[in-house]
Every structure is written in C-alpha cells, then in structure tokens.
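This report walks through a protein model step by step, from its aromatic side chains to its metal site and its charged pairs. Please keep the sequence and the three-dimensional view at hand while reading.

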Amino acid sequence: MTDFNEDGISRRRFLGAGLALAGTAFSAASLDAFAQQGAPRRKVVVWSEGTAPKSVYPNDVNTAIAEGLKGLRNWDVVTASINDPEQGLTDELLKSANVLIWWGHKRHDDVKQELVTKIVNRVKDDGMGFIATHSAHYSKPLKQILGTNCGWKYYINDGAKLSVVVKDSTHPIARGVKDFDCPKTERYGDPFEVPKPEAFVFDGIYTLPNGTTEHSQQGLTWTVGKGRVFYFQPGHEDYPMYFQEEIRAIFRNAVRWVGPRRANPANV
Ligand code: ZN
C-alpha cells in the first residue's frame, strides 16, 4: 500500500497492536483478509466520456480519479466510459455500484435517457451515492437528480489560480483537508442554478491573470430521496487537477460520505 490516508495509517496501528498483544507473526496478506472479512466490500464506479486531451489525461479522467481512490479500504474501484458497451453501465454494474462518479463535457447529449432514468432511480430509490465534478454540472444525471438547470453564470478558461477554501471544516468531506491552491483552472462563476445545498463544504477564490480576485462555490452537497449527492467544481480537462493529492483526498472522503450506510442497497 503506497497511499497514506487515514485508513492506511489506522490499519498500520492495528497491525502493530496485533503483533504486540498476540506475539504472533501475522502476514500483511492475512491482515488484509481479516479486514475484508470484517466489513462488506463496496463498489465505486468512475465514469467519463473519453474526450479529455491525452497530453494531460493519457488514460482519461476516469482512470485519474480512480487511481486516487485506491487507498479506500474495502472499496472496489471500477472505471467506465461512454465508449464501453451499454455506455459503460450495464444493469448489473449499476445495481452493484454503491457510488457513481460522473465526469462529462462534450457528450452530455449522447447519454441515453433510458440510462439516465436508471441512474436517477438508483440514487433516489436505492440510495446510491452520486458525485458530479466540473463540467458534469450540465450532465443529464445531475440535472435530473437535482431537478434544476444546473447552469453557472459564466465559464472562463483563462488559467486563473484557484485557492480552495474549506468552508465547513466539520463536514466529513473536509476531513483532513486544509486550504490549498490549484495553479490553473477554468472558472465557473456564481450563481449556480441548483437547489439550496445541504452543506457548503468548499469555497473558492480565483486569482485572475490581471491580479483581481473573485469567489465561487466549489463543493456542495444535497440529499435527494435516499441518496447523497456531492458536486465538486475543480477538474477542467486542460489541467492535471485530478492528479493533485488534495483533490484526491477530497474524492476519497466524498466516496465514503455519499456511499449508503449499507453496502449493495439493491440487494438488501
Ligand atoms: Zn471545463
């Protein structure tokens, strides 16, 4: 394990305690098996549309986000693309997903309504968690889950610096996250046409090339039916934001938070 998130650290502490108490040499593999026995496996599916530039995202956005989730204990991480059969989400995969992460930009209109309806129902009726990021603000699933147009006031790709500000440090998605900067971003401006959020977790300050600053909401949550929803604004495809460790930590926290309290809700 190369990822030193809080779960990884606590597992190491457990390993140390186990060795001291029992005086028995457990292998790492047997400890992993023990940890997995104690908690049911969950599944997060990371979906994107294959339109990000290869120079920035050689294996597309879904893989970059998925790599950042590898430190999640007891979670299986699966990538899916609109270019896969059934637009990446067979009934079987969708029913087994506890969380769906969505990144789209140029191909929103290509996503079939039949699939969107299934996603919306999984969130509202079954409690599947849903995370939309950056240009997925305008995706069919987010718009239909929230029931609003989900447009921003403006979209300007001038490579402004983004300072992400933790607005609600008590929220689980902000756990362990301090304010941080992204060197370049595309900025979306408030207001954001969405229902009143349950939590305003991250704010943002843009520093424009001319030195002036503006602020815009970066991370918001809702509960819709049985499902939890998180929108996270950073993630324009020209910039390697999904490789940034602070953003990866936010995604790990968000998966844990939007994930239903019980695994595989369709099967219980
Ligand atoms: Zn963008």
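In this structure, Tyr57, Phe202, Phe230, Phe232, Tyr242, Phe243 and Phe251 form one aromatic cluster. The model is a predicted one, and the protein chain averages a pLDDT of 88, with 83% of the residues scoring at least 70. Residues 1-34 need more caution, since pLDDT stays under 50 over this stretch, for which the model has 30 contacts beyond four places in sequence.

## Aromatic pairs

A pair of aromatic rings is described by the distance of the centres and the angle of the planes. The structure holds 12 aromatic pairs. One of them is formed by Trp152 and Tyr188, whose rings are tilted, with 5.9 Å from centre to centre and 45° between the planes. Trp152 belongs to strand 5 (residues 152-166) and Tyr188 to strand 6, so this pair ties together parts of the chain that are 36 residues apart in sequence. Both Trp152 and Tyr188 are buried.

A further pair, made by Phe202 and Phe232, is edge-to-face, with 6.0 Å from centre to centre and 75° between the planes. This pair also links distant parts of the chain, for Phe202 sits in strand 7 (residues 199-207) and Phe232 in strand 9, 30 residues apart. Phe202 is buried, and Phe232 is buried as well. Phe202 and Phe232 are both members of the aromatic cluster named at the start of this report.

## The zinc site

Which residues coordinate the zinc ion? The donors are His134, through its NE2 atom, Glu186, through OE, and His236, through ND1, at 2.0 to 2.1 Å. Along the sequence, these donor residues follow the spacing H-x51-E-x49-H. Glu186 and His236 link distant parts of the chain: Glu186 is in strand 6 (residues 180-192), whereas His236 is in the loop between strand 9 (227-232) and helix 7 (245-258), and the two are 50 residues apart.

Are Glu186 and His236 buried or exposed? Glu186 has a relative accessible area of 12%, and because this value is under 20%, Glu186 counts as buried. His236 is buried too, with a relative accessible area of 4%.

## Salt bridges

A search of the whole structure finds 10 salt bridges. The table sets out three of them, with the distance between the closest N and O atoms and the place of each partner.

| Salt bridge | Closest N and O atoms | Location of the partners |
|---|---|---|
| Arg41 and Asp76 | 2.6 Å | Arg41 in the loop between helix 2 (28-38) and strand 1 (42-48), Asp76 in strand 2 (residues 75-81) |
| Lys118 and Asp91 | 2.8 Å | Lys118 in helix 5 (residues 113-126), Asp91 in helix 4 (residues 91-96) |
| Asp126 and Arg122 | 2.9 Å | Asp126 and Arg122 both in helix 5 |

Arg41 and Asp76 are 35 residues apart, and their pair links distant parts of the chain. Arg41 is partly exposed, with a relative accessible area of 32%, and Asp76 is likewise partly exposed, at 31% relative accessibility.

Lys118 and Asp91 come from two helices, so their salt bridge ties together parts that are 27 residues apart in sequence. Lys118 counts as partly exposed at 28% relative accessibility, and Asp91 counts as partly exposed at 35%.

How many residues apart are Asp126 and Arg122, which both lie in helix 5? They are 4 residues apart, about one turn of the helix. Asp126 is partly exposed, with a relative accessible area of 28%, whereas Arg122 is buried, with a relative accessible area of 4%. Elsewhere, salt bridges that share partners join Asp91, Glu114 and Lys118 into one network.

## Cysteines

How many disulfides does the structure hold? The number is 0. Two cysteines can still be described by their surroundings: Cys150 counts as buried, at 0% relative accessibility, and Cys182 is also buried, with a relative accessible area of 0%.

## Looking back

Strand 6 has appeared twice in this account, as the strand of Tyr188, which pairs with Trp152, and as the strand of the zinc donor Glu186. Strand 9 likewise holds Phe232 of the edge-to-face pair, while the zinc donor His236 lies in the loop between strand 9 and helix 7.

Notes
Residues numbered from 1 in each chain as written. Predicted model: local features only at pLDDT ≥ 70, side-chain atom pairs only at ≥ 80, totals over all residues. Heavy atoms only, no water. Donors = N, O, S within 2.8 Å, 3.2 Å for Na, K, Ca; no water. Buried < 20%, exposed > 50% of the residue type's maximum accessible area, 1.4 Å probe, protein only. Salt bridge = Lys/Arg side-chain N within 4 Å of Asp/Glu carboxyl O. pLDDT = per-residue confidence, 0-100. Contact = heavy atoms within 4.5 Å. Disulfide = S-S within 2.5 Å. Phe/Tyr/Trp six-rings, centres within 6.5 Å; stacked < 30°, edge-to-face > 60°.
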